[in-house]
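Subject: Structure for you to look at, with notes

Hello,

I am passing on the structure we talked about, and below it you will find my notes on what was found. Please keep it open beside you while you read, so that you can look up each place as it comes up.

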Amino acid sequence: MKNCEIREWYVVLYGGQRYIYYEGFAWSFGWQPERSREGWTVDIVKWQKNDFGYVLLSVPKDGTLTVRVEGKPVTYTELTAE
């Protein structure tokens, strides 16, 4: 993840698992994974403003993945880690 840009969303495949990653997320947050027939939707909700932070969430590898912040879809880059 050393090549990941700050304030960009990534989904990293590593060890048979997917991880949602974002560096520069200056909020404490909650998240809600939801499974459908197509795959997973993860909605991230901001709680309290912080000086700095990041998101690193593990999600199952099967199916499609939609990531939302405060209900709005985000665009992410998929990476495979070695």
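In what order do the strands of the open sheet of 4 strands stand? Please bear in mind throughout that this is a predicted model. The order is β3-β4-β6-β7, and the pairing within this open sheet is mixed. The edges are taken by β3, which covers residues 27-35, and by β7, which covers 72-73; each of them has a single partner strand, so one side of each is left without a neighbour in the sheet.

If you begin at the β3 edge, you will find that β3 and β4 run antiparallel and are joined by 8 bridges. A hairpin of 3 residues leads from β3 to β4, and among the pairs across these strands is Glu34, whose bridge partner in β4 is Thr41. At the other edge, β7 pairs with β6, which spans residues 64-69, in the antiparallel sense and over 2 bridges. Here Val69 has Lys72 of β7 as its bridge partner. In the loop between β6 and β7 you will meet Glu70, which has a positive phi near 55° although it is a residue other than glycine. Glu70 counts as partly exposed, because its relative accessibility is 45%.

The next topic is charge. Side chains of opposite charge can pair when their charged atoms come close. How many salt bridges does the structure hold? There are 2 salt bridges in the structure, and I will take them in turn.

One of them is formed by the side chains of Arg35 and Asp62, with 2.5 Å from N to O. This pair links distant parts of the chain, since Arg35 belongs to strand β3 while Asp62 sits in the loop between β5 (54-59) and β6, 27 residues apart. Arg35 counts as exposed at 52% relative accessibility, whereas Asp62, at 32%, counts as partly exposed.

The other salt bridge is between Arg68 and Asp43, whose closest N and O atoms are 3.9 Å apart. Arg68 lies in strand β6 and Asp43 in strand β4, so this pair ties together parts that are 25 residues apart in sequence. Is Asp43 buried or exposed? With a relative accessibility of 17%, Asp43 counts as buried, because buried means under 20% relative accessible area. Arg68, by contrast, counts as partly exposed at 28%.

There is also a positive surface patch, which is made up of Arg7, Lys46, Lys49 and Lys72. Of its members, Lys49 is found in strand β4, residues 39-49, and is exposed with a relative accessible area of 52%. Arg7 lies in the segment before β1 and is likewise exposed, with a relative accessible area of 57%. Arg7 also has a positive phi, near 65°, in a residue other than glycine. Lys72, another member of the patch, is the residue that you have already met as the bridge partner of Val69.

Some further strand pairs deserve your attention. β1 and β2, the latter covering residues 17-23, pair in the antiparallel sense over 5 bridges, and Val12 stands opposite Tyr19 in β2. The hairpin of β1 and β2 has 2 residues between the strands, and in this hairpin Gly15 takes a positive phi near 60°. β2 is also joined to β5, with 6 bridges and an antiparallel course, and there Tyr22 stands opposite Val55 in β5.

Finally, please look towards the end of the strand numbering. Thr80 is placed in strand β8 and counts as exposed at 64% relative accessibility. How many residues apart along the chain are Thr80 and Leu13? They are 67 residues apart along the chain, while their C-alpha atoms are separated by 4.7 Å. Thr75, in the loop between β7 and β8, also counts as exposed, at 72% relative accessibility. Thr75 and Leu65 are 10 residues apart in sequence, and from C-alpha to C-alpha they are 11 Å apart in space.

With best wishes

Notes: Residues numbered from 1 in each chain as written. Predicted model: local features only at pLDDT ≥ 70, side-chain atom pairs only at ≥ 80, totals over all residues. Heavy atoms only, no water. Pairing = 2+ DSSP bridges. Patch = residues over 30% accessible without salt bridge, like charges linked within 9 Å, V, L, I, M, F, W, Y side chains within 5 Å. Areas by Shrake-Rupley, 256 points an atom, 1.4 Å probe, with all protein chains shown as cover. Salt bridge = Lys/Arg side-chain N within 4 Å of Asp/Glu carboxyl O. Lys, Arg positive; Asp, Glu negative; His and termini not counted. Charge placed at Lys NZ, Arg CZ, Asp CG, Glu CD. Buried < 20%, exposed > 50% of the residue type's maximum accessible area, 1.4 Å probe, protein only.
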